[in-house]
Amino acid sequence: MLVNLSIPWVIIGHSERRALLNESNEFVGDKVAYALSQGLKVIACIGETLEERESGSTMAVVAAQTKAIAGKVTNWDNVVLAYEPVWAIGTGKVATPAQAQEVHCELRKWLHENVGGDIAASTRIIYGGSVNGANCKELAAQPDVDGFLVGGASLKPEFVDIIKAAMVKKN
Ligand SMILES: O=C(CO)COP(=O)(O)O
C-alpha cells in the first residue's frame, strides 16, 4: 500500500506494536526485510521498557532487537535506527541527553563490531520519546544523536525548533 501511494519511508518495530500486537524481534526483522525488498526505506525502532532499564538490561535488550534487524538488512543506506525508550514515549519523561548518548554510542559500537566500521559511521541513529522544543537542542548536541523521531510535538509549532536543532550537525 505504501509503495502504491509512493510513500518512501515506513516505521517498523514501534514499541506499541511490539507490546500490543506481540511483534517479536524476529517478526520485526522479517518486516524490515520485506519492506526493503519492496524498495521502502525503514525507520527501525528499538528501546527498553522501564523495568528493563531498572534491572540493568537496557543494552542487552536493544542489542537483541538490533541484531534481529541487522540480520535482515541488505542495504544500510535505506535504514535508520530509532532508539525510543518505551518509558519516554508519549509520557513527557524524556531521556536525559547523557542517557540517550550512552545508548546511541553503544549502538554505534555494536554496529561497528557486528556489521562494520563504515556502516557504523554512516548509519543515522535517531532518538524518540518526549522530544520537544525545550529539550531538542541539548539532545541534538550529543555526538551520536543524529536526529529525532517526534510524536506529540510534531503537531505543534515547536516542531520547527526541533527540525532546526536536528539540522545543526548537517550544516
Ligand atoms: O514514538 C513516538 C512517536 O511514535 C514518540 O512520541 P512522543 O514524541 O509523543 O513521545
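A polar contact is a pair of N or O atoms within 3.5 Å; within protein, one must be able to donate a hydrogen and the other to accept it, and residues adjacent in sequence count only if both atoms are side-chain atoms.

## Basis of the model

This is a predicted model, in which local features need pLDDT of at least 70, side-chain atom pairs count only at pLDDT 80 or more, and totals for chains, interfaces and linings use all residues. Residues are numbered from 1 along each chain as its sequence is written, and side-chain values use heavy atoms, with hydrogens and water left out.

## Around the ligand

Residues near the ligand (a heavy atom within 4 Å of it) include His14, Glu84, Gly129, Ser130 and Val150. A backbone N or O atom of glycine 151 sits 2.9 Å from a ligand oxygen. For glycine 90, a polar backbone atom is 2.6 Å from an oxygen atom of the ligand. Histidine 14 uses a polar side-chain atom, 2.8 Å from a ligand oxygen. On its own, the ligand has 300 Å² of accessible area (Shrake-Rupley method, 1.4 Å probe; for residues, only the protein chains shown count as cover). The protein covers 81% of that ligand area.

## Helix α5

Helices are DSSP runs of H or I with at least four residues, and strands are runs of E with at least two, numbered from the N terminus. Helix α5 covers residues 97–114, 18 in number. From first C-alpha to last, α5 reaches 25 Å, close to the expected 26 Å. That expected span is 1.5 Å times one less than the number of residues.

Among the buried residues of α5 are Pro97, Val103, Leu107 and Trp110. Buried means under 20% relative accessible area, exposed over 50%, and partly exposed in between (1.4 Å probe, protein chains only). Glycine 116 follows α5, with a positive phi near 150 degrees.

## Salt bridges

The whole structure holds 7 salt bridges. Each is a side-chain nitrogen of Lys or Arg within 4 Å of a carboxyl oxygen of Asp or Glu. Within α5, lysine 109 meets glutamate 106 at 3.3 Å, N to O. The two are 3 residues apart, about one helical turn.

Aspartate 144 pairs with arginine 108, their closest N and O atoms 2.6 Å apart. Aspartate 144 lies in the loop between α7 and β5 and arginine 108 in α5, so the pair ties together parts 36 residues apart in sequence. Aspartate 144 is buried, at 12% relative accessible area. Arginine 108 is buried too, at 14%. Elsewhere, salt bridges that share partners join Arg17, Glu23 and Lys31 into one network.
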